[in-house]
Amino acid sequence: MKRICCLSLKTDGRRVHVIERDFSEPDRIVGELLQPGGYLKLIELGLQDCLEEIDAQRIFGYAIFKDGRNTQISYPLEKFHSDVAGRSFHNGRFIQRLREKAASFPNVRMEQGTVTSLVEEKGTVKGVRYKTKDSQELTAYAPLTIVCDGCFSNLRRSLCNPKIDVPSCFVGLVLEDCKLPYANHGHVILADPSPILFYPISSNEVRCLVDIPGQKVPSISSGEMANYLKTVVAPQVPPEIYKSFVAAVDKGNIKTMPNRSMPAAPHPTPGALLMGDAFNMRHPLTGGGMTVALSDIVVLCDLLKPLRDLNDGSALCNYLESFYTLRKPVASTINTLAGALYKVFCASPDEARKEMREACFNYLSLGGIYSSGPVSLLSGLNPRPLSLVFHFFAVAIYAVGRLLLPFPSPHRIWIGARIISGASGIIFPIIRAEGVRQMFFPATVPAYYRSSSGPQKMKTHFDN
């Protein structure tokens, strides 16, 4: 995130100081899938070449598996250039390409160090204190400090109100020389107790992410995890993948990470802006994190582009409040879909939840607008909150229709009512956390208009 911000700001001729804890290639099990909407944002930022020479794989849609059945869902890419598609890759390779590009610009200074705190004077952030790799304690000053220190951020508390939820954990494996049932597609298995994901990250490697609900996972060191993967998970994967999956478990390179979600709840602070996973997180099931981050960067760059001077922290803070509203169409759509889809895709003993899960699979299997509509939301190609609500409740109504036809009964009517109630209980709390007004009626938020009037006001202020 910080590298992309840096690369975007450099095009405006600003001096940028990037402080990063570690410049070695990261080895992560997420941040490996970029949706087509995110790829379009990467093109808009002029950074698409950072996906070259890392063996990135083109992704054209998803295949969903449930109880021995499967359906293929393609991204609606007909109106776009042939190069537009999703991309999947080793996260570390992509990060290194971004670092290389950032380091190539003379107005960008890359420094390895650990930021320990923000420097504040009279309520305005003036910079950061950090330790270099040689343990020197230094201070860096800047008119605007962009804080993007990831999901484990130690700086976010002074800039937002973090309400972090950890609904599950991912267990990551790499399958070698594995041929997926659908080439160049992400694969989602609606397993028990929760989904399993497969997608290519190079020409001969496939990432597997096994979701385990809750915050506690079986021990890797004791062999409990390997046993769980072989006895509980392996029987549920498609037959074509089974041998490669078991071989990956036997190889033993198993990684885990908690899946966090956190709605954006910023405290607008003069001199600082919070971005990336330090600011906003969603369940990674839909692979939307990088698309939200790139969209946020495009919004920020467009806001900063007309400004010549960033030194008046209060005026800049007031102007940049529009950022939090302008980002909402993309961010809230992807965030809400990720949280809602995860709850629908998880197995449940509850009869209404079972019907909703089955209806979701069947709805997507219908094809046409029933699959292209939801996948265009997921892909970031159609970030419209109203469209999301429409399709979510269309699935719920479809589930009720399946129950009541051809002969309704009192029990089925009761289950149908619980489906609608359950669907409301899933999506409305997520929407409330995202902000109903900002999500559906952004033009009614006063800060929305500062993006157009702000540059001229700030220019007048600085000129005087």
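# Worked exercises on a predicted model

The side chains of Arg282 and Asp277 come together in a salt bridge, with 3.9 Å from N to O. Keep in mind as you work that this is a predicted model.

## Exercise 1: One salt bridge, two environments

Task: Work out whether Arg282 is buried or exposed, and place Asp277 on the scale of buried, partly exposed and exposed.

Solution. Start with the cut-offs: buried means under 20% relative accessible area, exposed means over 50%, and partly exposed is what lies in between. Next, take Arg282: its relative accessible area is 8%, so this residue is buried. Then take Asp277: its relative accessible area is 30%, so this residue is partly exposed. Last, check the pair itself: a salt bridge needs a nitrogen-to-oxygen distance within 4 Å, and the value here is 3.9 Å.

## Exercise 2: Salt bridges across the chain

Task: Find how many salt bridges the whole structure has, and say which parts of the chain the pair Arg99 and Glu20 links.

Solution. Begin with the total: a search of the whole structure gives 21 salt bridges. One of them joins the side chains of Arg99 and Glu20 at 2.9 Å, N to O. These two partners come from distant parts of the chain, with Arg99 in helix α3 and Glu20 in strand β1 (residues 16-20), 79 residues apart. Now add the surroundings: both Arg99 and Glu20 are buried.

For a second case, turn to Arg402 and Glu355, whose side chains form a salt bridge at 3.3 Å, N to O. This pair also links distant parts of the chain: Arg402 sits in helix α11 (residues 385-404) and Glu355 in helix α9 (residues 351-365), 47 residues apart. Arg402 has a relative accessible area of 33%, so it is partly exposed. To finish, look for shared partners: Lys66, Asp67, Arg69 and Glu358 are joined by salt bridges into one network.

## Exercise 3: Around Phe323

Task: Locate Phe323 and list which residues it contacts beyond its neighbours within four places in sequence.

Solution. First, the element: Phe323 belongs to helix α7 (residues 313-326). Second, the accessibility: the value is 0%, so Phe323 counts as buried. Third, the contacts: leaving aside neighbours within four places in sequence, Phe323 touches Leu273, Met275, Phe279, Asp296, Val299, Leu300 and Leu303. Fourth, pick out Val299, which is 24 residues away from Phe323 in sequence and 6.7 Å away in space, C-alpha to C-alpha.

Now bring in helix α6, which covers residues 289-304. The helix has 16 residues and spans 23 Å from first C-alpha to last, close to the expected 22 Å. Of those 16 residues, 14 are buried, which leaves α6 mostly covered.

## Exercise 4: The largest cavity

Task: Find which element gives the most residues to the lining of the largest cavity.

Solution. Count the cavities of 30 Å³ or more: the structure holds five. The largest has a volume of about 340 Å³. Its lining is made of 23 residues, and Leu337, Leu341, Phe345, Leu364 and Pro374 are those nearest its centre. Sort the lining by element: β4 (61-66), α8, α9, α10 (369-378) and α11 each supply at least two residues. The top contributor is α8, with five residues.

Then look at α8 itself, residues 328-345: its 18 residues reach 25 Å from first C-alpha to last, close to the expected 26 Å. Because 16 of the 18 residues are buried, α8 is largely enclosed by the rest of the structure.

## Exercise 5: Two hairpins

Task: Trace how β7, β8 and β9 pair, and find which turn residues have a positive phi.

Solution. Take β7 (residues 108-121) and β8 (residues 124-132): they pair in the antiparallel sense over eight bridges. Val119 is placed opposite Gly127 in β8. The two strands form a hairpin with two residues between them, and Lys122 in the turn has a positive phi of about 55°.

Move on to β8 and β9 (residues 137-141), which pair antiparallel over five bridges. Here Arg129 has Thr139 in β9 as its bridge partner. This hairpin has four residues between its strands, and Ser135 in the turn has a positive phi of about 70°.

Technical notes. Residues are numbered from 1 along each chain as its sequence is written. This is a predicted model: local features need pLDDT of at least 70, side-chain atom pairs count only at pLDDT 80 or more; totals for chains, interfaces and linings use all residues. Side-chain values use heavy atoms; hydrogens and water are left out. The expected span of a helix is 1.5 Å times one less than its number of residues. Buried means under 20% relative accessible area, exposed over 50%, partly exposed in between (1.4 Å probe, protein chains only). Contact means heavy atoms within 4.5 Å. On a 1 Å grid over the protein atoms alone, a cavity is a set of points where a 1.4 Å probe fits but cannot get out, and a pocket is an open set with protein on both sides within 12 Å along at least five of seven lines; lining residues have an atom within 4 Å of a point. Grid points are joined across faces, edges and corners, and a volume is the space filled by probe spheres set on the points. Two strands pair if DSSP finds at least two bridges between them.
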